[in-house]
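This report walks through one protein chain, from its overall make-up to selected side-chain pairings. Please keep the sequence and the 3D view at hand while reading.

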Amino acid sequence: MFKRSAANRYPVMQVLAHVVLILLCLLILTPFVLMIMSSVTEEMTLLTGGYKLWPRKFGLEAYAYIFDRGETILRSYLMTMLVTVIGTTVSLLLTSFTAYPLSRRDYPRRRLFTFMVLFTLLFNGGLVPTYMFWTQIVGIKNTIFAYLMPNLMLKAMYVLLFKNYFATNIPMEIIEAAKIDGAKELRIFFKIVLPLALPILAAIGLLIGLDYWNDWQNGLYYVTKARLYTYQTLLNRMIKEINFLASAGNEYGNLSGAAIPSTSVRMAIATIGAVPILLIYPFFQKYFSKGLTIGAVKG
């Protein structure tokens with residue numbers, strides 16, 4: 001009797017779980033739909049009627065304002081792609097290269113270096129010492145390295161995820177067998193460890209790529225030359241310019257400044273910045289549950 005009643009309840013629970021998940025997905029998607037619809041809404045309609053899931057009057061003034069700087073936008077997009085590809089590749093290599101010896105139980109100093117990595121997760125030097133270090137000692141200001149090098153200083157969380165993944169998914173017997181066959185440590189790492197770590201590489205790689213793609217702070221701190229602007233840096237400065245012109249138009253009656261679609265432009269900027277990531281994410285989604293879940297298990 002108990003088994004039959006439990007079996008009868010199972011479809012009901014399954015339907016209820018599907019309904020709850022669908023509602024949660026709708027709640028998650030609603031802000032994205034609202035952002036996109038607001039970006040294609042006529043500015044005055046947006047100001048008078050507020051944000052709507054379906055605009056009463058469409059308008060592409062925001063996108064026209066952005067793409068009026070077509071050459072600048074294209075150059076900044078290419079710069080962002082270059083920084084993201086190079087930064088993600090090198091950062092993945094450095095992160096995994098740091099985590100691998102920490103995962104090896106036969107490495108005598110792994111506890112010391114694990115503590116040092118964990119310490120950086122809890123404490124940092126602050127903005128002013130960081131700025132002085134990168135500009136006065138390293139000298140990365142107004143170079144492409146201003147986008148690359150600060151983010152190449154490894155994030156402790158990613159190192160720990162890699163460490164735990166290596167410790168739980170790379171059998172020591174494989175490494176010992178490779179050593180018996182005469183393989184050195186670098187060959188073991190590149191030929192055996194990394195191929196077995198594709199799930200965590202894809203998962204962490206996407207997170208690192210997001211960090212580089214959405215990075216605007218390094219451009220704000222270290223870059224003043226327009227030809228070196230990444231997409232996020234350029235759009236951040238465009239928003240400031242729009243706010244300034246709009247406030248000047250309201251205060252002094254400058255019609256050109258007041259006519260800028262400032263509200264819809266913000267939404268258009270957010271939409272353009274999010275589209276590439278939304279297109280890439282489905283190809284990496286299958287690695288997330290395996291890579292991050294296993295990497296998060298304590299080794």
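The text below describes a predicted model, moving from the whole chain to a charged network, a surface patch, a helix and aromatic rings.

**Overall make-up**

The secondary structure of the protein chain consists of 15 helices and zero strands. Of its 299 residues, 38% count as buried, and the accessible surface of the chain comes to about 18200 Å², 69% of which belongs to carbon and sulfur atoms. Among contacts with a separation of 6 or more, 73% are accounted for by residues 24 or more positions apart.

**A network of charged side chains**

Side chains of opposite charge can pair when their charged atoms come close. In this predicted model the count comes to five salt bridges, and the table gives those that involve Arg-104, Asp-106, Lys-179 and Glu-185.

| Basic residue | Acidic residue | Closest N and O atoms |
|---|---|---|
| Arg-104 | Glu-185 | 3.1 Å |
| Lys-179 | Glu-185 | 3.3 Å |
| Lys-179 | Asp-106 | 3.8 Å |

Lys-179 lies in helix α9 (residues 172–180) and Asp-106 in the loop between α4 and α5, so their salt bridge ties together parts that are 73 residues apart in sequence. Arg-104 forms a salt bridge with Glu-185, with 3.1 Å between the closest N and O atoms; this pair links distant parts of the chain, since Arg-104 belongs to the loop between α4 (70–103) and α5 (110–122) while Glu-185 belongs to helix α10 (residues 185–196), 81 residues apart.

The four partners can also be described by their accessibility. Arg-104 counts as buried because its relative accessibility of 6% falls under the 20% cut-off. Glu-185, by contrast, is partly exposed, with a relative accessible area of 36%, and Lys-179 is partly exposed with a relative accessible area of 36%. Asp-106 is likewise partly exposed, at 41%. Through shared partners, the salt bridges join Arg-104, Asp-106, Lys-179 and Glu-185 into one network.

**A nonpolar patch on the surface**

Which helix gives the most residues to the nonpolar patch? The patch covers about 970 Å² and is made by Leu-112, Phe-113, Phe-115, Met-116, Leu-118, Phe-119, Leu-121, Leu-122, Phe-123 and Met-157, and α5 gives the most to this patch, with eight residues. One of the patch residues, Met-116, lies in helix α5 and is partly exposed, with a relative accessible area of 41%.

**Helix α11 and its surroundings**

Helix α11 (residues 198–213) has 16 residues, which at 1.5 Å a residue should span 22 Å, and this agrees with its end C-alpha atoms, which are 22 Å apart. Twelve of the 16 residues of α11 are buried, so the helix is largely enclosed by the rest of the structure. The buried residues of α11 include Pro-199, Ile-200, Leu-201 and Ala-202, and further along the helix Ile-208, Gly-209, Tyr-212 and Trp-213.

**Aromatic pairs**

A pair of aromatic rings is described by the distance of the centres and the angle of the planes. The structure holds 13 aromatic pairs. In one of them, Tyr-77 and Trp-213 form a tilted pair, with 5.7 Å centre to centre and 55 degrees between the planes. Tyr-77 lies in helix α4 and Trp-213 in helix α11, so this pair ties together parts that are 136 residues apart in sequence. Both partners count as buried, Tyr-77 at 15% relative accessibility and Trp-213 at 6%.

The rings of Tyr-221 and Tyr-222 have their centres 6.0 Å apart and their planes at 80 degrees, so this pair is edge-to-face. In terms of accessibility, Tyr-221 counts as partly exposed at 27% relative accessibility, whereas Tyr-222 counts as buried at 2%. Elsewhere, ring pairs link Phe-97, Tyr-100, Phe-162, Phe-166, Phe-189 and Phe-190 into a cluster.

Terms used: Residues are numbered from 1 along each chain as its sequence is written. This is a predicted model: local features need pLDDT of at least 70, side-chain atom pairs count only at pLDDT 80 or more; totals for chains, interfaces and linings use all residues. Side-chain values use heavy atoms; hydrogens and water are left out. A salt bridge is a side-chain nitrogen of Lys or Arg within 4 Å of a carboxyl oxygen of Asp or Glu. Helices (H or I, at least four residues) and strands (E, at least two) are DSSP runs, numbered from the N terminus. Buried means under 20% relative accessible area, exposed over 50%, partly exposed in between (1.4 Å probe, protein chains only). Patches are made of residues with over 30% relative accessible area and no salt bridge: like charges are joined within 9 Å, nonpolar side chains (Val, Leu, Ile, Met, Phe, Trp, Tyr) within 5 Å. Accessible areas come from the Shrake-Rupley method with a 1.4 Å probe; for residues, only the protein chains shown count as cover. The expected span of a helix is 1.5 Å times one less than its number of residues. Rings of Phe, Tyr and Trp (its six-membered ring) pair if their centres lie within 6.5 Å; planes under 30 degrees apart count as stacked, over 60 as edge-to-face and the rest as tilted. Contact means heavy atoms within 4.5 Å.
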